[in-house]
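Subject: Structure for you to look at

Hello,

Here is the structure I said I would pass on. My notes on it follow below the display.

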Amino acid sequence: MPLSNFLKTAMTLPLHTLAMRIAAIAAFGSTLVACGGGGGGSGSNTSLASTSASIPAPAAVATPAPEAAIPASSTDPEAIELTEENTGSNAAPESEPAEAETTVPAIPVPIGTGPVATAPVATVPVGTAPVADVPASGAITAPISGSIPAPMPAAIAPIVPVATPAPSYAVYGPVTDVRLQNTGTAAQANAPVTFGQVFAAGDLQRNEMLVGRLDNGTMVPLQLDVKASHLDGSVRHAVISAILPGLAINETRTMALLKTNAPNDPGSMSPKALLSNGFSASVHATINGVEYRASADDLIKSGRKYNTWLSGAVANEWQVSAPLTSATGVEHPHLTARFAIRWYDSIKKARVDVTLENNWAYEPNPSNITYDAKVVVRGQEMYNKPALTHFHHSRWRKLFWWGQAPQVHVRQNTAYLIASRAVPNFDQSVVTPESALTALMSKWTGSAIEPMGVGLANPYMPSTGGRNDLGIMPGWAATYLLSMDPRAKTVTLGTADLAGSWSAHYRDKNTDRPVSLIDYPYMTVLGTPTDTKNPATKQLEAFPKCMTGASCTSTNVHDSSHQPGFAYLPYLLTGDYYYLEELQFWAMYNVFMSNPGYRQNVKGLVYRDQVRGQAWSLRTLAEAAYITPDNDRLKAHFTGILADNMEWYNNNYTNNTAANVFGVIDHIGAVIYNSKRGIAPWQDDFFTSAIGHAAELGYDGARTFLAWKAKAPVLRMTQMCWIDASLYSMNLRDSETSPLYTTMAQVVEASQSEGFRALACNSSAMASFLKLKVGEMTGYASSVAGYPSNMQPALAYSVDARLPNGAAAWTMFMARTVKPNYGLSPQFAIVPR
């Protein structure tokens with residue numbers, strides 16, 4: 001029905017009937033639309049969204065009128081039947097306030113999925129909640145580079161859907177929830193939010209969609225872009241978008257994510273919609289007086305190929321890219337601009353994601369490039385960086401808003417995230433003190449957070465010693481997961497942005513994706529050119545050498561043995577494509593950097609690396625295989641490479657009758673301590689935890705290997721004095737050429753002094769001998785990065801693997817008297833499930 005006709009009809013209705021009908025329609029009528037077959041893009045353009053859907057209503061009413069109570073379906077006690085009869089003329093009269101809030105039957109949350117808040121929560125008191133994106137007078141800055149007013153009125157009136165007969169559909173119990181916090185200094189109306197959400201296997205089927213319900217009863221239309229699926233076909237990961245009706249100053253609302261069987265609206269908008277609204281954005285690099293530029297709006301006008309990442313009635317995100325070009329039409333051979341424009345059509349706002357890359361894998365003469373950088377959005381200069389030296393095979397990213405930037409922080413349900421098994425079982429009793437958050441932000445300043453900086457990471461990865469950037473995820477990311485504090489989010493996402501600053505990013509011009517071993521099985525950065533000849537193609541797959549006379553040195557030095565897990569959690573929680581590719585760049589780099597013959601070419605085996613290098617490479621590889629979207633060709637690549645690695649370990653250890661009895665890694669690069677007699681148990685613990693993480697992600701080969709591997713920390717806790725189970729090195733043989741020991745008694749005798757062995761374990765005499773407290777383990781027990789801390793995740797995974805004596809070993813470990821304060825940095829605060 002045309003809007004003009006609807007208004008004429010509306011004028012004939014009594015005021016109370018009109019008010020209730022508009023409220024009901026705004027909340028329910030034709031607004032709950034689910035997601036389905038992948039939309040976006042037309043013709044030759046590519047859709048990156050495997051499934052997309054949304055609610056057709058472009059925005060919810062800012063201040064909704066009371067809604068009618070909705071009776072449960074007579075055929076399904078766990079459903080609410082939504083029909084025109086209970087969303088329109090049969091709504092409760094205004095004189096019955098008891099019927100004002102939508103009633104949803106209480107549905108028990110599946111066991112292990114975490115708590116879901118269904119009751120209103122208190123707002124955050126003034127002064128107690130951290131505020132993001134406020135002036136720099138001691139306040140924090142969220143990872144948004146800037147925003148400019150769009151050419152439109154400052155306030156957009158809520159759009160009321162036209163009254164049409166509503167189809168019958170149902171809303172079911174909650175899957176999980178999120179908290180939405182206003183971090184601004186003013187009320188938020190019609191605020192856009194988009195976030196990533198992981199789901200436990202079976203919690204959300206592909207034919208089930210989602211709708212949001214705030215704790216005040218307001219229903220919020222949701223758009224669901226499904227990205228990855230579990231083996232059973234249920235949704236694993238999706239990107240959720242919504243327009244929030246309103247948040248008062250300092251207000252926090254809980255939004256339950258409810259399942260619905262509503263129909264889908266995959267969306268059909270193209271990026272031409274940006275042009276009709278006056279959108280423009282460009283990136284500029286001036287080199288020796290010559291300006292090179294790329295313009296997103298020019299690329300769209302020219303009909304250049306684009307990719308669709310999000311598609312629906314709430315949000316659309318399109319990606320366009322092109323080399324920077326001079327005014328005379330000369331393309332720069334190395335510098336490429338990538339734009340990801342997220343458009344919220346109902347409120348006419350866009351998030352502008354700008355990335356500048358110097359990372360073509362096989363473009364001749366790579367080098368560092370120095371230029372004056374500038375980003376312009378709608379004619380206004382939003383970023384300027386003179387004399388920026390852009391390292392070879394690296395990239396940098398900035399975010400801006402076209403229109404006022406929203407000030408809404410999404411606090412996801414930590415318990416549910418952990419229960420989904422997508423992240424380790426971090427100890428949820430850990431409390432992050434205010435001092436730790438302040439310390440994180442105190443480091444978030446200066447050149448470290450500019451392009452080619454590395455944020456909170458160590459620019460020289462090979463540095464030794466205890467560090468909070470190592471583990472399944474870095475300390476700052478674990479802090480974000482457990483606290484959901486916006487300051488921890490700032491440094492976690494910001495450091496993931498800056499992970500592009502290392503020269504580990506190789507993009508294939510043929511596919512426009514991170515380079516893959518499947519396409520170039522003989523490529524390497526460490527082998528010699530002659531090692532890279534592909535017998536099938538007769539071509540050398542060595543990367544081009546640095547341009548003669550140019551610089552290819554970098555202040556950022558990377559390796560696999562001390563490599564943080566930069567991008568997995570950021571992608572999981574935001575759904576940002578940049579983080580997906582960052583994860584993929586690092587995962588592929590770790591498997592192609594070595595000599596092709598050593599890694600068995602396309603198999604990408606990592607067993608010849610240091611034990612800790614194997615650990616972090618397998619961690620990143622498993623995460624990339626797990627979370628890469630279903631329709632991304634790299635998913636099969638990562639899954640296959642992970643399977644080949646697990647097969648190698650199972651063949652050489654699990655299924656090898658000659659394997660050592662200790663559950664330790666003992667092949668090349670492992671037994672190198674004490675004149676090649678021993679191993680480093682802490683590195684072995686890193687490896688055990690990485691395999692445990694791959695196992696919890698659902699990989700059968702990892703589960704099989706973990707059943708063999710996880711006995712290593714258990715034996716140290718139960719068959720030697722547990723006070724010294726976290727020893728720095730442990731001898732496995734008498735000499736470099738001797739066979740390995742066959743009993744833990746031999747290991748103890750060879751690894752611990754006679755004086756120590758003569759004392760009763762955990763006695764006062766032993767504590768005095770070691771100059772420690774009774775019950776204090778060796779190896780810096782109070783440190784969050786000490787050897788006992790390194791051991792903790794390995795022990796936790798041994799319990800999860802149901803290892804004999806695993807639970808007893810864990811109980812003994814937790815009885816130690818000196819423990820770290822994981823609130824300062826909880827990267828190793830993993831406990832059994």
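Please keep in mind that this is a predicted model. The notes cover charged pairs, one loop residue and one strand.

Salt bridges

The structure holds 32 salt bridges. Side chains of opposite charge can pair when their charged atoms come close. Three of the pairs are described here one by one, and a network follows.

K348 pairs with D345, and their closest N and O atoms lie 3.4 Å apart. K348 is partly exposed, at 26% relative accessible area, and D345 is partly exposed as well, at 22%. Buried begins under 20%, so D345, at 22%, does not count as buried.

R351 and D353 form a salt bridge through their side chains, at 3.7 Å from N to O. Both of these residues are buried.

In the pair D684 and K709, the side chains meet at 2.5 Å, N to O. This salt bridge links distant parts of the chain: D684 sits in helix α13 (residues 681-696) and K709 in helix α14 (residues 700-709), 25 residues apart. Are these two residues buried or exposed? D684 has a relative accessible area of 2%, so it is buried. K709 is at 0% and therefore also counts as buried.

Salt bridges with shared partners also join a set of residues into one network. Its members are R338, E357, R395, R507, D512, R513, E581, E582 and D632.

N359

N359 lies in the loop between β18 (349-358) and β19 (369-377). Its relative accessibility is 2%, so N359 counts as buried. What is N359 in contact with, leaving aside its neighbours within four places in sequence? The contacts are H334, H393, S394, R395, H505, Y506, R507 and F585. R395 and R507 are also members of the salt-bridge network.

Strand β22

Strand β22 covers residues 408-412, and five of its five residues are buried, so the rest of the structure largely encloses this strand. V408, V410 and Q412 point one way from β22, while H409 and R411 point the other way. Residues on both sides are buried.

Strand β6 (residues 169-182) is joined to β22 by five bridges, and the two strands run antiparallel. Within this pairing, Q181 stands opposite H409 of β22.

If you open the model, the pair D684 and K709, the loop residue N359 and strand β22 are the places these notes refer to, along with the network and the other two pairs.

Regards

Conventions:
Residues numbered from 1 in each chain as written. Predicted model: local features only at pLDDT ≥ 70, side-chain atom pairs only at ≥ 80, totals over all residues. Heavy atoms only, no water. Salt bridge = Lys/Arg side-chain N within 4 Å of Asp/Glu carboxyl O. Buried < 20%, exposed > 50% of the residue type's maximum accessible area, 1.4 Å probe, protein only. Helix = DSSP H or I, 4+ residues; strand = E, 2+ residues; numbered from the N terminus. Contact = heavy atoms within 4.5 Å. Pairing = 2+ DSSP bridges.
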